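Take a walk through this model with the structure open beside you. The route goes from the overall fold to one strand and its partners, and then to a single residue.

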Amino acid sequence: MIKTVTLSQKEDWDFYVQNSFIHDFYHTWQYHTLDKSGVALLLVYEEDNAYIAFPLLKREIPDSPFFDLCSVYGYPGPIANVEIQYIKEELIQNFKNSFLNYLREEKIVSVFSRLHPFFSQDRLISDFDGIHNNGQTVAIDLSLPIEVQRKKYKSDTFRSIKKSWKKGFWIKETKEIEDVDIFIEIYKENMQRIHSTEYYLFDRQYFLGLINSEEFDCRLLLVCAENEVMCGTLIILTHGIIQGHLIATKNAYLRESPAKFLVDGISVIGRNEGMKYMNLGGGLGFKKDSLFQWKSSFSDLFLDYKSFRFIVNPSAYKALVDKTGLSKHINIDFFPLYRAVLNFMTYGCFHLIV
């Protein structure tokens, strides 16, 4: 039987996350309090002294009696208190059966969850036939000496970093409210420049909640030239992994490429903190686009990134897709498809809303 833990049960949520074999900040209670797009749930299956826990957001499907489940922004997916490769097959099968019963009872049409590129979560959900290969993410191996790492940089990337050194760029770690507001404004400017959807336009409380978290180590880093802020990022350190959560550069300083200097600087901080990897993420939509090429200019370590896309109720799913007027033959990488909205007026393409 699936146990449902809600945000009102913080002690229970913390217990399952903190006692897992490995987790990231994406699984924590506090991170889930920052997402207002659905009702945050930690679905737990326990058997003897072992458990599997799956954090998800439950959302109403407009104009229908149904719901769907999705994950928070980032790389969550299921976790367990035993190293995944050593979990008994019987436990995994019992989890699957209980999870399926829960989905049917709760009128869930589909389940979407991003999976963590560093965790072997496939084994826990492979029997659902819902694992989707999205692409790759780029990571930096912080166990390598810094000199070896820098030899992996593409020549123009390292040249840009050395120019930043000569110009006296420096990194400021801060939690001052004035600095937080500066970063928020830079981030907003950055999102406007790339015509981001509303999904990525986080409110002020979201940033403050991350930076002031007591559950995980979140740091705001700003790249400065003298006293002028050029660029900034939020990094979060968990279980030996640095996640570059959000990064943005002022339009006026794009040609200076301070973000390259920042990535190199974070790798130094990571080594000083005993971190093993720095995850840079992938391209837009996890394609090998210009963003992916920019990230791969720092490292040749690529990790497979996957998502869990499971249709619980095929007939209801089809009816919802048909209701939107979208052709089932449209070739777009989005799930669930009934939440994609055609918006030619804005972008002349699909405007994807999650």
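Begin with sequence distance. Take the contacts between residues at least 6 apart in sequence: 73% of them join residues at least 24 apart. Keep in mind throughout that this is a predicted model.

Next, the inventory. The protein has eleven helices and 15 strands. Its C-alpha trace spans about 60 × 50 × 35 Å along the principal axes. Does that go with a compact or an extended chain? For 354 residues, a compact globule would have a radius of gyration near 20 Å, and the protein has 21 Å, so the two agree.

Now the inside and the outside. Of the 354 residues, 52% are buried. The exposed area comes to about 17,100 Å², and carbon and sulfur atoms supply 51% of it. Charges come next. The protein carries 40 positive and 44 negative charges, and the mean positions of the two sets lie 7 Å apart.

Turn to strand β11, residues 241-249. How many of its nine residues are buried? Seven are, with buried meaning under 20% relative accessible area. That is why β11 counts as largely enclosed by the rest of the structure. A general point helps when viewing any strand. In a regular strand, side chains alternate between the two faces of the sheet.

Which strands pair with β11? One partner is β10, residues 228-238. β10 and β11 run antiparallel and are joined by eight bridges. Find Thr238 to see the pairing: this residue stands opposite Ile241 in β11. The two strands form a hairpin, with two residues between them. His239 sits in that turn and has a positive phi of about 50°.

Another partner is β12, residues 277-281. Here the strands run parallel, and three bridges join them. Look for Ile242, whose bridge partner in β12 is Met278. β11 thus has an antiparallel pairing with β10 and a parallel one with β12.

The last stop is Glu173. This residue belongs to strand β8, residues 170-174. Which residues does Glu173 contact beyond its neighbours within four places in sequence? They are Arg219, Leu220 and Leu221. Leu222 offers a distance to check. Glu173 and Leu222 are 49 residues apart in sequence, yet their C-alpha atoms are 6.5 Å apart in space.

Conventions:
Residues are numbered from 1 along each chain as its sequence is written. This is a predicted model: local features need pLDDT of at least 70, side-chain atom pairs count only at pLDDT 80 or more; totals for chains, interfaces and linings use all residues. Side-chain values use heavy atoms; hydrogens and water are left out. Helices (H or I, at least four residues) and strands (E, at least two) are DSSP runs, numbered from the N terminus. The radius of gyration is taken over C-alpha atoms; the globule rule is 2.2 Å times the number of residues to the power 0.38. Buried means under 20% relative accessible area, exposed over 50%, partly exposed in between (1.4 Å probe, protein chains only). Contact means heavy atoms within 4.5 Å. Accessible areas come from the Shrake-Rupley method with a 1.4 Å probe; for residues, only the protein chains shown count as cover. Lys and Arg count as positive and Asp and Glu as negative; His and the chain ends are not counted. The place of a charge is taken as NZ of Lys, CZ of Arg, CG of Asp or CD of Glu. Two strands pair if DSSP finds at least two bridges between them.
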